[in-house]
Structures are given as C-alpha cells and as structure tokens.
Amino acid sequence: MDIKLLLLVVMYQKNLIKNNMESEKENANMKRVSAVNAPGGKIVAYSFVCPGCGYKHTPYIEEGYGPKWGFNGSEELPTFTPSILFRTGDKNGPIVCHSFVTDGRIQFLTDSTHKLAGQTVDLNII
Ligand SMILES: [Zn+2]
C-alpha cells in the first residue's frame with residue numbers, strides 16, 4: 001500500500017473513533033437538574049438535590065409559581081439567577097441555604113448554616 005494512502009486510512013479511522021467518542025459523550029446523561037413539568041408538559045422549573053443542605057431546591061423559570069429565576073437553558077451546566085435562598089428548620093433549629101448556581105457549580109454564601117457555607121462545589125450529575 002502506498003504510504004500516502006495508508007496515512008489517509010489511518011487519519012480516516014482516527015476521525016471515525018473521534019466522532020464515535022463525541023457522540024457517546026453527547027448521549028451520556030450529564031444532567032445536573034431535573035425538569036419539572038406542568039400538566040400538559042411545559043417545563044416550569046428545574047430541581048436538584050442540594051449538596052450543601054441535602055434538601056431539594058426547585059427554582060421556577062416560568063411565571064405563575066411565585067419567584068421566577070433566569071435560566072441559561074443548560075440542564076448539564078445550569079445557571080440560575082438571582083441567588084437561591086432556602087429556609088427551613090428541624091429539631092436543631094433554623095436551616096438556611098443561600099447559593100448561586102453558575103455553569104453547573106453551586107457557590108454557598110456565608111449566611112448558609114451547613115458545612116459547605118463559603119465554598120463552591122459541582123452540582124451532582126443525576
Ligand atoms: Zn441547599
């Protein structure tokens with residue numbers, strides 16, 4: 001076989017492998033938030049289990065459900081604006097979880113009462 005032809009074949013096969021890897025990556029479920037649908041199917045919110053407080057947070061992105069957040073459209077690397085302030089309590093007292101979710105990471109503000117206050121971590125892949 002001609003060396004140029006051999007090189008062409010190798011390059012072609014490398015390209016096939018690369019394309020296969022890329023499509024596998026696209027097919028892999030890398031979502032960090034779950035869509036919440038209204039009756040009829042429209043997505044009105046996204047939810048995730050918070051790595052800081054352990055509770056589920058559900059920022060709404062549509063009108064009519066209370067506060068509404070801006071959303072960048074990515075379930076893999078979500079951004080919600082403005083910050084998410086969650087308050088609840090248990091037998092040990094009040095729980096505050098205050099965060100910014102940006103590009104799939106969650107930054108906990110220092111008014112949060114849990115161990116990740118002041119830290120930024122990845123949202124878990126679901
Ligand atoms: Zn939280």
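In this predicted model, strand β2, which spans residues 43-49, runs antiparallel to β3 and is joined to β3 by two bridges. One pair to look at here is Phe48, which stands opposite His57 of β3. The link between the two strands is a hairpin with six residues between β2 and β3. Within that turn, Gly54 takes a positive phi of about 85°.

Strand β2 also has β1 as a partner: four bridges join β1 to β2, and the two run antiparallel. Ser34 can serve as a guide to the register, since Ser47 in β2 is its bridge partner. Here, too, the connection is a hairpin, this time with five residues between β1 and β2. A glycine with positive phi appears in this turn as well, namely Gly40, at about 105°.

Taken together, these pairings give an open sheet of three strands, ordered β1-β2-β3 and antiparallel in its pairing. Which strands stand at the edges of this sheet? They are β1 (34-37) and β3 (56-57); each has a single partner strand, so one side of each is left without a neighbour in the sheet.

A further set of pairings involves β4, β5 and β6. Strand β5 covers residues 80-90 and pairs in the antiparallel sense with β4 (residues 70-71) over two bridges. In this pairing, Gly70 has Thr81 of β5 as its bridge partner. Strand β6, made of residues 93-102, pairs with β5 over eight bridges, again in the antiparallel sense. Across this pair, Arg87 stands opposite Val96 in β6. The hairpin that joins β5 to β6 passes through two residues.

Thr81 deserves a second look, as the peptide bond between Thr81 and Pro82 is cis, with omega of about -5°. Pro82 itself is found in strand β5. Another backbone feature worth inspecting is at Asp103, which has a positive phi of about 50° although it is not a glycine. Asp103 is found in the loop between β6 and β7. Is Asp103 buried or exposed? Asp103 counts as exposed, because it has 12 C-beta neighbours inside 10 Å, and the cut-off for this class is 12 or fewer.

Stepping back to the whole chain, the secondary structure comes to one helix and eight strands. Along the sequence, the elements follow the pattern α-β-β-β-β-β-β-β-β. The protein has 126 residues, of which 17% count as buried. Among contacts with a separation of 6 or more, 32% are between residues 24 or more positions apart.

In soluble globular proteins, nonpolar side chains tend to be buried together. In the present model, the largest nonpolar core has 14 residues, and those that touch the most other members are Tyr46, Phe48, Cys50, Phe80, Val101, Ile106 and Leu123. At least two residues of this core come from each of β2, β5, β6 and β7 (105-108). The largest share belongs to β2, which supplies three residues.

Tyr46 makes a convenient point from which to explore the surroundings of this core. Which residues is Tyr46 in contact with, leaving aside its neighbours within four places in sequence? The list begins with Val33, Ser34, Ala35 and Val36, and is completed by Pro59, Ile61, Phe71 and Pro78. Ser34, already met as the bridge partner of Ser47, is thus one of the contacts of Tyr46.

Leu116 offers a different kind of setting to examine. This residue is found in the loop between β7 and β8 (120-122). Leu116 counts as partly exposed, because it has 17 C-beta neighbours inside 10 Å, whereas 20 or more would be needed for a residue to be buried. Leaving aside neighbours within four places in sequence, Leu116 is in contact with Pro51, Gly52, Phe108 and Val121. For Pro51, the separation along the chain is 65 residues, while the C-alpha atoms of Leu116 and Pro51 are separated by 8.2 Å.

Definitions and conventions. Residues are numbered from 1 along each chain as its sequence is written. This is a predicted model: local features need pLDDT of at least 70, side-chain atom pairs count only at pLDDT 80 or more; totals for chains, interfaces and linings use all residues. Two strands pair if DSSP finds at least two bridges between them. A nonpolar core is a set of buried Ala, Val, Leu, Ile, Met, Phe, Trp, Tyr and Cys residues joined through C-beta atoms within 7 Å. Two residues are in contact if their C-beta atoms, placed from the backbone, lie within 7 Å.
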